[in-house]
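Student: I would like a close look at one part of this model, followed by a connected account of what surrounds that part.

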Number of protein chains: 2
Amino acid sequence: MKILRINMGAAGGPKVSEEPMGQYDGLGGRALTSTIVAKEVPPLCHPLGEDNKLVIAPGLLSGTPAAISGRVSVGCKSPLTGGIKEANSGGQPSQVLAMLGYGAIVLEGKPKDNTLYKVFISKDGVKVSPDNSLRMLGNYDLVEKMKKEYGDKIACISVGQAGEMKMSAASVAFTDMELRPTRHAGRGGVGAVMGAKGVKVIVVSDAGAERRTPKNPEKFREANKKFTEGLKKHPVTGEGLPAYGTNVLTNVINEAGAYPTKNFMWGRFDTCQKISGETQAQTETARGGLATHGCHRGCVIQCSGIFVDKDGHYVTKQPEYETVWALGGNCCIDDLDVIAQLDRLCDDIGLDTIEMGATIGVAMEAGLAKFGDGQASINLLKEVGKGTPIGRILGNGAAVTGKVLGVERVPVVKGQALPAYDPRGIQGIGVTYATSTQGADHTAGYAVATNIMKVGGYVDPLKPEGQVELSRNLQIATAAIDSTGMCLFIAFAVMDQPETFQALIDLLNGFYGWNLTADDVTALGKKILKTEREFNLQAGLTAKQDRLPDFFKKEALSPHNLTFKVRDEELDQVFNW
Amino acid sequence: MKILRINMGAAGGPKVSEEPMGQYDGLGGRALTSTIVAKEVPPLCHPLGEDNKLVIAPGLLSGTPAAISGRVSVGCKSPLTGGIKEANSGGQPSQVLAMLGYGAIVLEGKPKDNTLYKVFISKDGVKVSPDNSLRMLGNYDLVEKMKKEYGDKIACISVGQAGEMKMSAASVAFTDMELRPTRHAGRGGVGAVMGAKGVKVIVVSDAGAERRTPKNPEKFREANKKFTEGLKKHPVTGEGLPAYGTNVLTNVINEAGAYPTKNFMWGRFDTCQKISGETQAQTETARGGLATHGCHRGCVIQCSGIFVDKDGHYVTKQPEYETVWALGGNCCIDDLDVIAQLDRLCDDIGLDTIEMGATIGVAMEAGLAKFGDGQASINLLKEVGKGTPIGRILGNGAAVTGKVLGVERVPVVKGQALPAYDPRGIQGIGVTYATSTQGADHTAGYAVATNIMKVGGYVDPLKPEGQVELSRNLQIATAAIDSTGMCLFIAFAVMDQPETFQALIDLLNGFYGWNLTADDVTALGKKILKTEREFNLQAGLTAKQDRLPDFFKKEALSPHNLTFKVRDEELDQVFNW
C-alpha cells in the first residue's frame, strides 16, 4: 500500500506524488486519517486554508474479500467543530482505492485561483485536470457526466454545490453499487475542505484492479466465514436491519421516549408510525423499490434499500433512520415522500442530512418556516444549493443558523448538531455527544445499543449511573472498528458474540499475518482517541467544550420528564482510563 | 451607592429590587461589571439565555465634578466572543446614573414572551413598563419618542433594531449632550444581550439629582484642577484631539504603514487624506458643523464634533478614527459623506462601527460588493436594520460573515474584529489584540501610543522585542482607568506626566477618603484582568485563542513587508507578571 499526495497549491498547478506508507504502515481508516491529520495539520490553521489536509483512507480490510469491509474514512480539521474530524461512509470507492493499492489519498495545499479540478485514478496512474465545466453541478449530474467521460467501471468521490461553496455542513459523496452518489461522509463539513482544495471529484476506476490477497489465505477464509455467520445469526444484523433498514429504530426510539421532536422539544412524535421503517419498507416494496439492499459490494447486512415514488421512479436510496428523524420528526414532518425528496436534495447538493435537519429545526424555531411544513423545507434546501444568503446561513449548519437568527435552543456540541437520540431519554448517548472528539455524533460511541437494545449488556437509559463507563468503552471500540473498514453495524454481533469478535481479529491477523489480541484492539482504539483529543486540545478545545447545551440540563423532556443528569465532573472522566 | 436589579424573567413580569453595594463596594466601571459578571454569570451559559446578565456601571468618579469622568461600562458574557465583555461608552447616562446613586444596573433573567419593555429611572424610583410600540425603532426615532414622553431632562440607554434581533454586532447606545444616540458601548454584542432581556430603552432623568460630593472636598478640588491642567498641557489631549478629533490618526497611522486597507491587504491607503481628521475638521467647520465638541458634560478634551451635510444639516457626530477607518479605508471608501451616513446608520440601527466595517470588508472580499463602493455599503447596512437574511449574516459580525460566505481572510480574535491598526505595522497592538480578555480591542492596551506616538517611552513598532511587556503594562493600566469612569484618553497625559497620574489618584482619594498609591492602582488593574481571564478559562477560552489569524503570520504587509513577529510563547507570557 502507498499514500497518494496531491498538492493543489504547487507552483505551476497540482502536483501528484506517491510514497510508501512509511510511518503510517499498519494503519487504515480512522486510525490513518486521524494520525495523518494530527501529525501534519497545524491545529490552529484555518480549516479552509492551505495548511489543512483532506485525507481519504480505506479501512484495513477494504479491497479484500472480507465481508462488509467497504467503509472509507475522511479526515481533516473540521470547519464545523474547529477540531479533528473523521467522517466515514459506505459506497464503492473504498474497495476500489484499496484494490488500486492506495492506503490514503491526501489532498494538500490550496489552488492560487478559482479553477476547479477533477482527479482520475486508475491502475495506470493519477491524472489531475482542470475542468470548470463541473462548476456548481449537483452530485447526481456530476456523476452522470463522469460516466459519460470514463464509462461505468468507476466509482466517484465528489462534492456538490455545498462543498464548492465551502459550507460547513457540506459532505463528501461516495457512489454506491448503482453508481449513484448516495453514500456520504456527512459530518463536520469535510466537503467544504474538499471544496477549498478545488477538487470537485475523484474518479476511481477498478478496471484491471484485483482484490488484495491475504498473507494467510486459509485463516482469513475461515475467519470470514465465521464472521459472516455471526452477522447473519444476530437478530439486529441478521433480521432487523435487513428487513427494515436503520429506520427500524423510529418506533423503537419513539417508544423509548427519546425521539427528539420539534427541535428537541418533546421525546415522542405522535405520527411517527407514518415514517417508520416498517411503513418505509412496505411502501418501497409496494411501489417496486427495494427494502433490502447493500451499499457496497461485499455487504452481508443489506440495511439499505431503494426509495421510489408513487410511479415507481427512483427518488433516492432508502433514507436512514437519522435522516428520517432529522428531516422528518425533528421538523414535525411525517411524509415519507417529502423526506425522500429532502434526502435526495441533500445527496445532490452534498449536505449532511443530520446537520441539515437540525438546522431546519432551528430555522423553524426562529419562525422561518412552520414546523411540519414539508414544502417549506424543500424550498429552504434548494436555497442552500443556490447559495442565496439564507441558503448560505443554513448550509453552515445549526450553530451558525442559531447564531444568525438569534435562537437560543440550538442542539449542538462543539458546533455539530445532535443526531436522532435525545440525551435526556438515552443518557448514555448524551455522554458520547458531549465528550466525543468529533462533536455530537451517535456513531462515536453508540450507547443506544446497550441503553435501549440491550446489546452488550444493559444500562438503564434514564439514569446517570454507568453511562460514562459505557460511553468510554464504546468510544474506544468504535475508534478501532472505524479503522478496519468494517461497517460499524458489525458491533451489534461483535458485542454480543465473543466468537464474532474473535473472527474479526482473525480476519486482520489472517490478512496481515499479525498476532493481534483483543487487548491490542482496545489499545488501538485508545491510541486513536488520545491522538484526536490532543489535536483538539492544541486547537483550543478543552473540557469546557465537552458539554451539552444548557437547555438539556434545564428543560425536562416528555414523556419521562427528565433532564440530562450526568454531571460535568463525570463527563470529565470519560478519557481517564 | 446601590445596585439596581431588574429581573426580566420574574413570574408575573419584571421585578425591580435595590440593594447596597455590599461585596461590590468600592468598585466602579469595568472593575464592577467584570466582577459582577464573573461572580454571578455561569461561564458556560448561553449569552442570550436567562442566566446571562447585563451590567451597566458608571465609573468610580462618574456623577462627581471630576473632569471627563462620564464613561460607563457595560458588561456581560459576550455573544460575539463567548468570553467576558466590558464595552464602554461616553455620553450622558453615566453621570446621571451616578448622581441618582446607582453603582450599577443589573438586567437579569429573560421574559417568557416577546414583550418589549422600557425602564424609567428618576429620583422618584424605577418603573418598568411593557411598550411594544417601540418595536424595531431605530435609536434616533426611539429617543425622539422618549423625549415626547419624558421631556428633555433625560438621557437614554437603548438598543436599535440590531439589539432587538440579538445580533452579535449590536451595540448599546448612550445619548450625548444633545440627546442624540451617538455614543455606543459598541463591542462584543452587548446590545444583543440587552435585546435578549427584552429591554429596548432605559431612560434616566436627572431632574432633581445632584452631583455626588467628595469626602475631602479641598483635596478633590485641588486634584481636579491639576488633573485638568495636565490634560490641557499635553500635546495629544490639549491640542491634537481637540483640533481634529481621534481622526487625527488617519494620516499618522497611514504614514506609519499600519493603516489596514482593503480588508487588511495593504498598510497604506492612497487617498486617505480625503478622509483624514484634518480634512474632516475643515469640512465640518466650513459647512457650519463643529470640529471641537465634548460627548458628555465635564469633558475637557473635546475630541468630538458635529458632522453636517453640504447644506449644513446634522448627519451624525464626528465619526471617530476607528469608524472612518472601518467603514472607510478598510473598504477602500474615501468619501467622508458616505462614511458619515454609514456612521449614522450604525448609530441608528445600534451597531458597532468597527465590527461592521471589518464585516463589510470581509463581504467585499467574498464578492458581495466591490471594494470602494459606498452606496453598496449603505445598502448592506440597511439590510442589517431590516433583518433580511444577508442583513442578519452581516449583523452577526466578521467571523460569522466569513464563515457563512466561505472567506478565509477574516480579521478577528476570539470572534471580534480587529480595529484600525495593523498588527504587522504596529506589533505592540498585535499583542493586545491577541491576548486581551475582550477579543481584538485596541482600547484594551493601546500600544499605538508608545509604538507610534512615543507616549510613555518608545518601543519600535516593527520589531517584536519589548511588545509583550508594553502590552502587559498597558492592559493593566487600562483595566484600572476603565474602572474610574475617566475617558481612556487621559492615559496620554497620565503616562507622560507623573503629576497628572498623581492628580488622578488624588481625585479618587479625595472623593472616597482613600489612601490609594500608584501600586494600588496597578494591583486593581491586575485583579480585574485576572478575574476576566479566569471567567474566560471557565468559558472554554484558552491560550490557543490568544492568537492572531494565520494570515497575519503569513502575508507580509506593505510597505514594510513584515508579518506579525511576536512568537506564540511570548504571547503566553503577557499575563505572567
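Student: Which residues touch the most other members of the largest nonpolar core?

Tutor: In this predicted model, the residues that touch the most other members of the largest nonpolar core are A:Ile490 and B:Ile490, and that core holds 375 residues. Leaving aside residues up to four places away in sequence, A:Ile490 touches A:Ile68, A:Leu231, A:Ile481 and A:Leu504.

Turning from the core to the contact of the two chains, chain B gives 27 residues and chain A gives 27 residues. On the side of chain B that touches chain A, the elements that contribute two or more residues are α14 (389–395) and α15 (397–405) of chain B, and the residues of that side comprise eleven nonpolar, nine polar and seven charged.

Chain B also has an open sheet, in which six strands follow the order β2-β1-β6-β3-β4-β5 with mixed pairing. At its edges lie β2 (15–20) and β5 (84–89) of chain B, each of which pairs on one side only, and neighbouring strands of the sheet are turned by 20° against each other on average, direction ignored. Within this order, strand β1 (residues 2–7) of chain B runs parallel to strand β6 (residues 102–108) of chain B, and six bridges join the two; looking along β6(B), one finds B:Ala104 standing opposite B:Ile3.

Note on methods:
Residues numbered from 1 in each chain as written. Chains lettered and ligands numbered in written order. Predicted model: local features only at pLDDT ≥ 70, side-chain atom pairs only at ≥ 80, totals over all residues. Pairing = 2+ DSSP bridges. Helix = DSSP H or I, 4+ residues; strand = E, 2+ residues; numbered from the N terminus. Axes fitted to C-alpha atoms, helices over the stretch in contact; angles between N-to-C directions. Contact = placed C-beta atoms within 7 Å. Nonpolar A, V, L, I, M, F, W, Y, C, P; charged D, E, K, R; others polar. Core = buried A, V, L, I, M, F, W, Y, C linked by C-beta atoms within 7 Å. Buried ≥ 20, exposed ≤ 12 C-beta atoms within 10 Å, placed from the backbone.
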